[in-house]
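This briefing sets out the main architectural features of one protein for readers at the bench. It is arranged by topic and may be read alongside the sequence and the model.

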Amino acid sequence: MSQPLRILGISAYYHDAAAALLEDGRIVAAAQEERFTRIKGDSAFPHHAISFCLDTAGIHESELDYVVFYENPLTKFERLLTTYHLTAPRSFTSFVEAFPSWLTEKVWLENEIAREMGLRKRIYFCDHHLSHAASAFFPSPFESAAILTVDGVGEWSTTTWGVGESNHVELREQIRFPNSWGLLYSAFTHYTGFKINSGEYKLMGLAPYGQPRFADRILDRLLRLGADGSIVLNQAYFGYSGGLRMTNERFHALFGGPPREPESRITQREMDLAASIQLVLDEGVLRMARHVRTRTGLDQLVLAGGVALNVVSIGRLASAGVFRELWVQPASGDAGSALGAALWMWHQKLGHPRLPAKPDAMRGAFLGLEIPPASREDDATLEKLGAVWDVLDEAALQQRIAASIAAGKVVAVARGRAEFGPRALGARSILGDARLPQMQSHMNLKIKFRESFRPFAPMVLAEDARDYFDTTQESPYMLLVYPVTARRRIAAADAGLAGIDLLKVPRSEIPAVTHVDHSARVQTLDAERNPFITGVLRRFKQMTGCPVLINTSFNVRGEPMVNTVEDAYRCFMATEIDCLVAGNRFLEREQQAHRPLDAEQRAQWLQRFELD
Ligand SMILES: [Fe+2]
């Protein structure tokens with residue numbers, strides 16, 4: 001039998017480095033570097049992720065046919081140079097700081113990748129938004145679809161739309177740097193005291209507490225919003241194109257003061273700012289989608305790019321019914337572009353046909369490192385750590401997980417292949433009972449070590465989704481926000497409360513996953529993509545009548561999701577998680593020979609992670 005053709009896609013050097021491997025067009029493996037190095041959002045060359053991909057396929061680097069990088073370094077360099085000319089001398093400092101690293105690492109990237117990998121073959125480059133577009137369309141279930149990619153910035157593009165048809169994607173229009181929906185949202189992320197590139201979720205979670213009283217000011221002063229969703233940002237208010245700061249004094253004056261100090265108290269002003277920028281983004285996304293719908297005449301839309309992870313805007317787009325169906329790439333950030341770049345090479349450059357896969361080609365996003373049901377190596381690792389466990393068959397394991405959760409326990413699951421992308425979908429997840437009002441604060445304080453104004457996200461059996469949420473379509477990758485149905489809501493006695501206290505008042509039968517505006521970031525579970533966890537939830541429903549669980553990522557604040565059995569056990573012992581599932585092993589906290597970490601040990605352990 002002849003060897004399959006192998007393509008490796010890489011993203012690196014910006015944020016969220018990743019690698020993805022295709023064999024004859026099939027996605028064999030994809031993972032982010034952070035999961036291996038334990039550095040959140042690691043942007044370094046993804047040596048570990050590449051090794052993992054090669055190991056999964058059982059091949060050596062020399063057996064790769066193509067290596068494709070997720071952006072075009074020369075075009076990006078041109079953008080940096082041009083921006084420098086336009087804004088000099090204001091931008092001189094940032095240019096001087098950025099230039100040496102560009103010269104050594106980026107412009108000569110081809111040599112760099114060859115050197116890092118010890119390869120002598122040609123490296124190919126796929127334009128950044130084309131990588132996003134390819135990651136959105138090629139794995140989607142659609143024969144043809146409109147494509148929308150929205151992020152901070154690639155080479156020049158910050159937003160593009162186009163069409164995917166058969167084995168080809170074509171981008172037709174773009175918004176160019178410095179006009180950018182992603183950078184606008186990041187500017188508000190920075191201004192409200194959160195970290196750019198990871199705090200955007202927090203800003204979004206804050207919006208339901210606020211009133212959009214700044215929305216008019218944003219629309220009048222900061223930007224010009226076109227009927228087609230295009231924007232022109234008034235650069236007089238921003239610092240990013242000529243310096244290293246997102247916002248400047250004029251911006252601060254416009255919104256009544258300096259940026260919030262990170263970690264300081266969140267006030268009503270930040271909540272109102274969050275609500276305002278969310279409203280403006282929602283409107284922009286809706287206008288773009290209507291424009292693209294009109295211009296393409298297509299019924300399906302696929303999305304990627306960091307802004308496609310704004311589940312609120314995308315949920316509103318889904319509810320507005322502009323397109324009949326949406327599909328969002330689960331790894332919509334730059335990690336997913338590693339996959340997109342590889343798919344672009346396979347279909348578009350090499351001309352291989354595309355056979356739309358049902359339900360899609362992402363295999364549930366379970367493309368990362370595997371924790372198998374049983375392995376001697378994992379047994380040895382756990383023994384060394386002093387772990388004590390029972391081994392159960394799959395059915396008994398599902399039953400025990402469901403019964404533990406029904407008894408009010410918190411169960412962490414590390415089993416099967418890890419998720420590719422930012423969401424835990426059941427392979428590296430912490431599960432709990434969504435019906436318990438105190439679960440939100442218990443899991444936040446005792447397990448994730450944070451106080452959060454965000455509720456947890458629910459997983460629900462696909463067949464019961466409409467009973468609990470006003471869904472318009474399935475959401476297998478937890479990428480759409482839907483309201484809890486009226487019949488599942490309860491009247492909330494929250495008069496006189498404000499801020500995070502509002503979240504403590506039950507608003508539905510599943511309070512731990514219901515936001516203050518009744519919204520929920522829903523994951524619909526089906527047996528095809530996720531047979532094991534679907535089995536757990538079916539048993540939980542038999543026991544309790546409720547087809548919903550809390551599903552949050554298996555990590556603590558500031559840490560990437562756990563990857564290996566060792567990561568899982570250490571995180572389990574450092575927190576107050578009651579039970580751990582590692583492969584087919586079931587571990588109870590009380591049975592562990594070692595005492596859980598005391599407060600001081602835990603503080604030391606947590607210090608390893610950068611707290612954001
Ligand atoms: Fe991007």
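**Overview**

The protein contains 20 helices and 23 strands. The model is a predicted one. Of the 612 residues in the protein, 61% are buried. Among contacts with a separation of 6 or more, 71% are between residues 24 or more positions apart.

**Iron site**

- The iron ion has four protein donors: His128 and His132, each through NE2, and Asp151 and Asp334, each through OD.
- These donors of the iron ion lie 2.1 to 2.3 Å from it.
- The site of the iron ion is irregular, with angles of 89 to 170° among its 4 donor atoms. A tetrahedral assignment would require all angles to lie between 85 and 135 degrees.
- Along the chain, the donors of the iron ion show the spacing H-x3-H-x18-D-x182-D.
- Distant parts of the chain are linked here, as His128 belongs to helix H6 (residues 128–137) and Asp334 to helix H13 (residues 334–349), 206 residues apart.
- His128 counts as buried because its relative accessibility is 1%, and Asp334 counts as buried because its relative accessibility is 5%.

**Five-stranded sheet**

- An open sheet is built from 5 strands in the order S3-S2-S1-S4-S5, and its pairing is mixed.
- Strand S3 (26–32) and strand S5 (123–125) form the edges, each pairing on one side only.
- On average, neighbouring strands of this sheet are turned by 20° against each other, direction ignored.
- In general, the strands of a sheet pair through backbone hydrogen bonds, in either a parallel or an antiparallel manner.
- Strand S1 (residues 6–11) pairs with strand S2 (residues 18–23) in the antiparallel sense, over 6 bridges.
- Ile10 has Ala19 in S2 as its bridge partner.

**Helices on the sheet**

- Helix H13, which holds the iron donor Asp334, also packs on the sheet. H13 touches S1, S2, S3, strand S4 (66–69) and S5, and its direction makes about 145° with that of S1.
- Helix H2 (residues 47–57) lies across S1, S2 and S3, and runs at about 150° to S3.
- The buried residues in H2 include Ala49, Ile50, Phe52, Cys53 and Leu54.
- Gly58, just after H2, takes a positive phi of about 70°.

**Surroundings of Phe52**

- Phe52 is located in helix H2. Phe52 counts as buried because its relative accessible area is 7%, against a cut-off of under 20%.
- Leaving aside residues up to four places away in sequence, Phe52 touches Ala29, Ala30, Ala31, Phe36, Leu367, Gly368, Leu369 and Arg417.
- Phe52 and Ala20 are 32 residues apart in sequence, and their C-alpha atoms are 9.5 Å apart in space.

**Aromatic pairs and cluster**

- A search of the whole structure yields 18 aromatic pairs.
- Phe69 and Phe125 form an edge-to-face pair, because their planes stand at 80° and their ring centres are 6.1 Å apart.
- This pair links distant parts of the chain: Phe69 is in strand S4 and Phe125 is in strand S5, 56 residues apart. Phe69 counts as buried because its relative accessibility is 1%.
- Phe251 and Phe255 form a tilted aromatic pair, at 5.0 Å centre to centre and with 55° between the planes.
- Phe251 is buried, with a relative accessible area of 0%, and Phe255 is buried, with a relative accessible area of 1%.
- Phe251 and Phe255 belong to one aromatic cluster that also includes Phe188, Tyr191, Phe214 and Phe238.

**Helix H19**

- Helix H19 (residues 565–574) is largely enclosed by the rest of the structure, because 8 of its 10 residues are buried.
- The buried residues of H19 are Val565, Asp567, Ala568, Tyr569, Cys571, Phe572, Met573 and Ala574.

Conventions:
Residues numbered from 1 in each chain as written. Predicted model: local features only at pLDDT ≥ 70, side-chain atom pairs only at ≥ 80, totals over all residues. Heavy atoms only, no water. Donors = N, O, S within 2.8 Å, 3.2 Å for Na, K, Ca; no water. Tetrahedral: all angles 85-135°; square planar, octahedral: opposite > 155°, others 65-115°. Helix = DSSP H or I, 4+ residues; strand = E, 2+ residues; numbered from the N terminus. Buried < 20%, exposed > 50% of the residue type's maximum accessible area, 1.4 Å probe, protein only. Pairing = 2+ DSSP bridges. Axes fitted to C-alpha atoms, helices over the stretch in contact; angles between N-to-C directions. Contact = heavy atoms within 4.5 Å. Phe/Tyr/Trp six-rings, centres within 6.5 Å; stacked < 30°, edge-to-face > 60°.
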